[in-house]
Amino acid sequence: MVQNTNMTFQDLHLHRNILQVLEEEKYITPTPIQQQAIPVILEEHDLVGCAQTGTGKTAAFGLPLLQLINTEKNTIQVIILAPTRELGQQIHANLNLYASYNPEISVIGLFGGTTIKSQLEVLKRTVHMIVATPGRLLDLIDRKSIDVSTTSYLVLDEADEMVVALHAEVENIFKEVPKTSRILMFTATMPGRIKQLVQNY
Ligand code: AMP
(Lines give C-alpha, C1' and ligand atoms only; values in the text may rest on other atoms or scores of the structure.)
Protein backbone atom coordinates (compact mmCIF):
# COMPACT_ATOMS: atom_id res chain seq x y z
CA MET A 1 0.00 0.00 0.00
CA VAL A 2 1.30 3.44 -0.93
CA GLN A 3 1.06 6.34 1.50
CA ASN A 4 -0.18 9.66 0.15
CA THR A 5 1.94 12.02 2.26
CA ASN A 6 -0.22 15.01 1.32
CA MET A 7 -3.31 13.50 2.90
CA THR A 8 -4.40 14.64 6.36
CA PHE A 9 -6.88 13.16 8.84
CA GLN A 10 -9.17 16.08 7.98
CA ASP A 11 -9.46 14.72 4.42
CA LEU A 12 -10.91 11.52 5.90
CA HIS A 13 -14.03 13.26 7.28
CA LEU A 14 -13.35 12.58 10.93
CA HIS A 15 -15.09 14.77 13.51
CA ARG A 16 -13.34 17.83 14.81
CA ASN A 17 -13.08 16.44 18.36
CA ILE A 18 -11.41 13.25 17.10
CA LEU A 19 -8.99 15.38 15.06
CA GLN A 20 -8.08 17.21 18.24
CA VAL A 21 -7.07 13.95 19.97
CA LEU A 22 -4.94 13.02 16.93
CA GLU A 23 -3.28 16.41 17.01
CA GLU A 24 -2.43 15.98 20.69
CA GLU A 25 -0.99 12.53 19.93
CA LYS A 26 1.05 14.03 17.07
CA TYR A 27 -0.55 11.84 14.41
CA ILE A 28 0.04 14.01 11.34
CA THR A 29 -0.28 11.78 8.27
CA PRO A 30 -2.68 8.83 8.12
CA THR A 31 -0.89 5.53 7.46
CA PRO A 32 -1.77 3.64 4.22
CA ILE A 33 -4.25 1.31 5.99
CA GLN A 34 -5.87 4.35 7.65
CA GLN A 35 -6.12 6.21 4.31
CA GLN A 36 -7.85 3.26 2.74
CA ALA A 37 -9.97 1.85 5.56
CA ILE A 38 -11.37 4.94 7.33
CA PRO A 39 -13.55 6.17 4.41
CA VAL A 40 -14.82 2.63 3.70
CA ILE A 41 -15.81 2.07 7.34
CA LEU A 42 -17.47 5.50 7.62
CA GLU A 43 -19.59 4.58 4.59
CA GLU A 44 -20.68 1.49 6.55
CA HIS A 45 -19.25 -1.14 4.22
CA ASP A 46 -17.72 -4.52 5.13
CA LEU A 47 -13.95 -4.68 4.79
CA VAL A 48 -11.06 -7.12 4.58
CA GLY A 49 -7.79 -5.29 5.26
CA CYS A 50 -4.36 -6.82 4.77
CA ALA A 51 -2.14 -5.24 7.42
CA GLN A 52 0.62 -6.31 9.79
CA THR A 53 0.96 -5.20 13.40
CA GLY A 54 2.49 -1.72 13.71
CA THR A 55 0.79 -0.31 10.59
CA GLY A 56 -1.73 1.77 12.54
CA LYS A 57 -4.64 -0.61 12.06
CA THR A 58 -6.12 0.01 15.52
CA ALA A 59 -6.78 3.65 14.59
CA ALA A 60 -7.83 2.52 11.07
CA PHE A 61 -10.88 0.73 12.48
CA GLY A 62 -11.07 2.45 15.91
CA LEU A 63 -11.46 6.06 14.78
CA PRO A 64 -14.35 5.56 12.33
CA LEU A 65 -16.12 3.12 14.66
CA LEU A 66 -15.92 5.56 17.58
CA GLN A 67 -17.44 8.18 15.27
CA LEU A 68 -20.27 5.80 14.31
CA ILE A 69 -21.25 4.98 17.91
CA ASN A 70 -24.61 6.33 18.96
CA THR A 71 -24.25 7.31 22.63
CA GLU A 72 -28.00 7.88 22.89
CA LYS A 73 -28.34 4.11 22.85
CA ASN A 74 -27.15 2.20 25.92
CA THR A 75 -26.33 -0.92 23.92
CA ILE A 76 -23.31 -2.86 22.68
CA GLN A 77 -22.69 -1.67 19.12
CA VAL A 78 -19.14 -2.80 18.36
CA ILE A 79 -17.29 -6.04 19.18
CA ILE A 80 -13.57 -6.33 18.46
CA LEU A 81 -12.03 -9.80 18.68
CA ALA A 82 -8.32 -10.29 19.27
CA PRO A 83 -6.48 -13.63 19.38
CA THR A 84 -4.60 -12.92 22.62
CA ARG A 85 -5.17 -11.08 25.85
CA GLU A 86 -2.00 -9.00 25.29
CA LEU A 87 -3.14 -7.75 21.89
CA GLY A 88 -6.65 -7.15 23.26
CA GLN A 89 -5.30 -5.05 26.12
CA GLN A 90 -3.21 -3.01 23.70
CA ILE A 91 -6.24 -2.36 21.46
CA HIS A 92 -8.36 -1.49 24.51
CA ALA A 93 -5.77 1.03 25.76
CA ASN A 94 -5.51 2.67 22.31
CA LEU A 95 -9.28 2.89 21.89
CA ASN A 96 -9.68 4.47 25.32
CA LEU A 97 -7.14 7.08 24.27
CA TYR A 98 -8.89 7.76 20.93
CA ALA A 99 -12.26 7.92 22.73
CA SER A 100 -11.03 10.42 25.32
CA TYR A 101 -12.82 13.25 23.44
CA ASN A 102 -16.19 11.90 24.54
CA PRO A 103 -16.57 10.62 28.13
CA GLU A 104 -20.01 9.23 27.23
CA ILE A 105 -18.45 6.50 25.07
CA SER A 106 -17.80 3.32 27.04
CA VAL A 107 -15.17 0.83 25.81
CA ILE A 108 -14.45 -2.27 27.91
CA GLY A 109 -12.09 -5.22 27.65
CA LEU A 110 -13.18 -8.82 28.31
CA PHE A 111 -10.23 -11.21 28.42
CA GLY A 112 -9.34 -14.52 29.98
CA GLY A 113 -7.10 -14.28 33.02
CA THR A 114 -9.39 -11.75 34.74
CA THR A 115 -12.13 -12.95 37.10
CA ILE A 116 -15.55 -13.39 35.51
CA LYS A 117 -17.07 -11.74 38.60
CA SER A 118 -15.38 -8.39 37.97
CA GLN A 119 -16.44 -8.54 34.31
CA LEU A 120 -20.07 -9.23 35.28
CA GLU A 121 -19.98 -6.03 37.36
CA VAL A 122 -18.61 -4.02 34.43
CA LEU A 123 -21.33 -5.41 32.15
CA LYS A 124 -24.05 -3.98 34.41
CA ARG A 125 -23.04 -0.49 33.24
CA THR A 126 -23.59 1.06 29.81
CA VAL A 127 -21.21 -0.49 27.26
CA HIS A 128 -20.92 0.60 23.61
CA MET A 129 -17.75 -1.12 22.48
CA ILE A 130 -16.14 -4.38 23.60
CA VAL A 131 -12.64 -5.68 22.98
CA ALA A 132 -12.56 -9.41 23.75
CA THR A 133 -10.79 -12.68 23.28
CA PRO A 134 -13.20 -15.17 21.65
CA GLY A 135 -13.21 -17.74 24.49
CA ARG A 136 -14.11 -15.28 27.23
CA LEU A 137 -16.78 -13.59 25.12
CA LEU A 138 -18.44 -16.94 24.35
CA ASP A 139 -18.31 -17.88 28.01
CA LEU A 140 -20.22 -14.68 28.90
CA ILE A 141 -22.69 -15.26 26.05
CA ASP A 142 -23.29 -18.85 27.29
CA ARG A 143 -23.94 -17.53 30.81
CA LYS A 144 -26.43 -15.03 29.30
CA SER A 145 -24.40 -12.26 30.96
CA ILE A 146 -24.01 -10.26 27.79
CA ASP A 147 -26.44 -9.25 25.06
CA VAL A 148 -24.71 -9.12 21.66
CA SER A 149 -27.97 -8.99 19.68
CA THR A 150 -27.54 -5.22 19.21
CA THR A 151 -24.08 -5.51 17.57
CA SER A 152 -23.68 -3.43 14.41
CA TYR A 153 -19.95 -4.06 13.83
CA LEU A 154 -17.81 -7.15 14.38
CA VAL A 155 -14.07 -6.59 13.97
CA LEU A 156 -11.58 -9.46 13.70
CA ASP A 157 -8.06 -8.30 14.39
CA GLU A 158 -5.22 -10.63 13.37
CA ALA A 159 -7.95 -12.78 11.85
CA ASP A 160 -5.45 -15.26 10.39
CA GLU A 161 -3.98 -15.95 13.86
CA MET A 162 -7.44 -16.27 15.31
CA VAL A 163 -8.83 -18.79 12.83
CA VAL A 164 -5.88 -21.12 13.38
CA ALA A 165 -6.26 -21.44 17.14
CA LEU A 166 -9.86 -20.36 17.73
CA HIS A 167 -11.79 -21.32 14.60
CA ALA A 168 -14.81 -22.86 16.37
CA GLU A 169 -15.11 -19.95 18.83
CA VAL A 170 -15.01 -17.37 16.03
CA GLU A 171 -17.63 -19.30 14.02
CA ASN A 172 -19.88 -19.42 17.10
CA ILE A 173 -19.58 -15.67 17.69
CA PHE A 174 -20.53 -15.03 14.04
CA LYS A 175 -23.71 -17.02 14.74
CA GLU A 176 -24.55 -14.93 17.82
CA VAL A 177 -24.34 -11.44 16.28
CA PRO A 178 -27.08 -10.17 13.94
CA LYS A 179 -26.75 -11.18 10.27
CA THR A 180 -26.94 -7.48 9.42
CA SER A 181 -23.72 -6.68 11.34
CA ARG A 182 -20.91 -5.19 9.26
CA ILE A 183 -17.79 -7.37 9.35
CA LEU A 184 -14.32 -5.79 9.39
CA MET A 185 -11.43 -8.23 9.10
CA PHE A 186 -7.74 -7.39 9.48
CA THR A 187 -5.28 -10.08 8.53
CA ALA A 188 -1.59 -10.31 7.63
CA THR A 189 -2.07 -13.36 5.38
CA MET A 190 -4.96 -14.87 3.41
CA PRO A 191 -5.17 -18.56 4.33
CA GLY A 192 -8.03 -20.72 3.01
CA ARG A 193 -9.96 -20.46 6.27
CA ILE A 194 -10.08 -16.66 6.00
CA LYS A 195 -11.26 -16.84 2.39
CA GLN A 196 -13.95 -19.26 3.54
CA LEU A 197 -15.07 -16.95 6.37
CA VAL A 198 -15.25 -14.04 3.91
CA GLN A 199 -17.31 -16.16 1.54
CA ASN A 200 -19.67 -17.40 4.27
CA TYR A 201 -20.31 -14.04 5.90
P1 AMP B 1 -1.01 -0.31 15.58
O2 AMP B 1 -0.57 -0.95 14.30
O3 AMP B 1 -2.44 0.08 15.56
O4 AMP B 1 -0.64 -1.15 16.78
O5 AMP B 1 -0.19 1.08 15.74
C6 AMP B 1 1.21 1.12 15.88
C7 AMP B 1 1.68 2.42 16.54
O8 AMP B 1 1.59 3.51 15.64
C9 AMP B 1 0.89 2.82 17.77
O10 AMP B 1 1.79 3.17 18.78
C11 AMP B 1 0.08 4.04 17.34
O12 AMP B 1 -0.07 4.93 18.43
C13 AMP B 1 0.93 4.64 16.25
N14 AMP B 1 0.18 5.30 15.16
C15 AMP B 1 -0.93 4.83 14.54
N16 AMP B 1 -1.31 5.65 13.53
C17 AMP B 1 -0.43 6.66 13.51
C18 AMP B 1 -0.28 7.84 12.67
N19 AMP B 1 -1.12 8.10 11.68
N20 AMP B 1 0.76 8.66 12.92
C21 AMP B 1 1.63 8.40 13.92
N22 AMP B 1 1.55 7.32 14.74
C23 AMP B 1 0.53 6.44 14.54
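**Exercise 1. Find which residue is the bridge partner of Cys50 in E6, then place strands E1 and E6 in their sheet.**

Step 1. Cys50 has Thr187 as its bridge partner in E6. The strand and helix names are DSSP runs numbered from the N terminus, with at least four residues for a helix (H or I) and at least two for a strand (E). Before going on, note that this is a predicted model, in which local features need pLDDT of at least 70 and side-chain atom pairs count only at pLDDT 80 or more, while totals for chains, interfaces and linings use all residues. Residues are numbered from 1 along each chain as its sequence is written, and side-chain values use heavy atoms, leaving out hydrogens and water.

Step 2. E1 and strand E6 (residues 182-187) run parallel and are joined by four bridges; two strands pair if DSSP finds at least two bridges between them. Leu47 stands opposite Leu184 in E6.

Step 3. Now look at strand E5 (residues 153-156), which pairs with E6 in the parallel sense over four bridges. Here Leu184 turns up again, as the bridge partner of Val155.

Step 4. Put the strands together: the open sheet has six of them, in the order E1-E6-E5-E2-E4-E3, with parallel pairing. Strand E1 (47-50) and strand E3 (107-110) are at the edges with a single partner strand each, so one side of each has no neighbour in the sheet. On average, neighbouring strands are turned by 15 degrees against each other, direction ignored.

Step 5. Five of the six residues of E6 are buried, so the rest of the structure largely encloses this strand. Buried means under 20% relative accessible area, exposed means over 50%, and partly exposed is in between (1.4 Å probe, protein chains only).

**Exercise 2. Work out what helix H2 lies across, and how many of its residues are buried.**

Step 1. Helix H2 (residues 32-42) lies across E1 and E6 and runs at about 175 degrees to E1. Angles run from 0 to 180 degrees between N-to-C directions, and axes are lines fitted to C-alpha atoms, for helices over the stretch in contact.

Step 2. Eight of the eleven residues of H2 are buried, and the helix is mostly covered. Among the buried ones are Ile33, Ile38 and Leu42.

Step 3. The buried residues of H2 pack against E1, helix H3 (57-68) and E6, where contact means heavy atoms within 4.5 Å.

Step 4. Just after H2, find Glu44, which takes a positive phi of about 65 degrees.

**Exercise 3. Describe how H6 and H8 pack, then follow Ile141.**

Step 1. Helix H6 (residues 134-142) and helix H8 (residues 167-176) pack at about 45 degrees, with axes 9 Å apart. The two are therefore oblique to each other: under 35 degrees counts as roughly parallel, over 145 as roughly antiparallel, 65 to 115 as roughly perpendicular and the rest as oblique.

Step 2. Pro134, Gly135, Leu137, Leu138 and Ile141 in H6 meet Glu169, Val170, Asn172, Ile173 and Glu176 in H8.

Step 3. Ile141 lies in H6 and counts as buried because its relative accessibility is 9%. Leaving aside residues up to four places away in sequence, Ile141 touches Ile146, Val148 and Glu176. Its C-alpha atom is 8.9 Å from that of Ile173, 32 residues apart along the chain.
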